[in-house]
Amino acid sequence: MDNGASEKVSGQKPALINPTIREDAGGVVILDQTRLPHATSFVRLETLEDAAHAIRVMQVRGAPLIGATAAYGVALGLAADTSDDRLQYVIETLAATRPTAVNLHWALARMRRVLENSALATRRDSAWNEARAIADEDKGANAALGQHGLGMLRAVRRDDQPVNVMTHCNAGRLATVEHGTALAPVYAAHAAGLAVHVWVSETRPRNQGLLTAWELKEAGVPHTLIVDNAAGLLLMQGKVDLVIVGADRIAANGDAANKVGTYLKALAARAHAVPFYVAAPLSTIDFACLTGADIPIEERAAEELGAGEVTVANPAFDVTPAALISGIISERGIAAADSLAQWTP
Ligand code: MRU
């Protein structure tokens, strides 16, 4: 499905630090992730509907990037009408796009707070300013968590061998405004000259692992793509020093929702005594959600499995219990999953 917006900007080769999202003369340009890794094309978002569509069909994806896109979607949605009714409609429309990644709802709540206190005449400018701040803060948070994770990669290094990191889905640059979350420590290690190799898990049905392989290749980081279900074998064989995944929502008790299949990796990592870390900015921690059981799990369309006329269940995320998580890495440092209260805003 395409709303035609992809025709508006296309054919540019992204720079190494590819801009997943950027402002452009009253609009917003995004890298269309539904076309990767086969084609790099950009889509110009000009309306609320463009932004909602981009999130829903996963032209943008990954919790932090969804949040930034939603924030810009509010600014786009107020172009012709800044009234309270319009603001309510814009926020409701964007909130209905995807349920699990809390960054979306966090960004919308933040936009609402700022804009409800802004005069109608200046509301549109305030929306752009706040969306820009959300995007900029995401870059800063991910850069900081990358440095915290780098210390951990140094600590697990064995005998001058490359550190073998396993990740799942895409929690790299593409999933954020910049730097990534799970991959931020990897990029920090690569930049610091610490040898690192990434086992990249493929993630059915949307194949986000291919996105991870694409961006690691762009960055020159050694990596190997595996099917989801090869992870247990590699963990058993001692080929993984640690697992780092991202998160779409972390509950107050440290239970973490991430792309479906993450939980199985955590179980296998525990069985083979391999550390299992979750990397996410504070905007992914939902202190109002007490446990993982309270996290809404997105059920996506059966068609994504390409199975034809059979009954299909397609939950897009699962929840890894805090007890299986060695630590949560955020911009504030590394914390035990059951001690997130120290980061309460
Ligand atoms: O369905 P997606 O591709 O949006 O899911 C993305 C993930 O599950 C990521 O691992 C998560 O959002 C962390 S992104 C830094």
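Author: A polar contact is a pair of N or O atoms within 3.5 Å; within protein, one must be able to donate a hydrogen and the other to accept it, and residues adjacent in sequence count only if both atoms are side-chain atoms. The model is predicted, so local features need pLDDT of at least 70 and side-chain atom pairs pLDDT 80 or more, while totals for chains, interfaces and linings use all residues. Residues are numbered from 1 along each chain as its sequence is written, and side-chain values use heavy atoms, without hydrogens or water.

Reader: What makes the approach of A63 to the ligand a polar contact?

Author: A polar backbone atom of A63 is 2.9 Å from an oxygen atom of the ligand; the limit is 3.5 Å, so the pair qualifies. The side chain of R98 places an N or O atom 2.8 Å from a ligand oxygen.

Reader: Why is L264 called exposed?

Author: Exposed means over 50% relative accessible area, buried under 20%, and partly exposed in between (1.4 Å probe, protein chains only). L264 has 55% relative accessibility, and therefore counts as exposed. L264 belongs to helix α9, residues 262–271; helices (H or I, at least four residues) and strands (E, at least two) are DSSP runs, numbered from the N terminus.

Reader: How do you know that β9 and β12 pair?

Author: Pairing requires that DSSP find at least two bridges between two strands. Strand β9 (residues 256–259) and β12 share four bridges in the antiparallel sense, so they count as paired. Within β12, D318 stands opposite N258.
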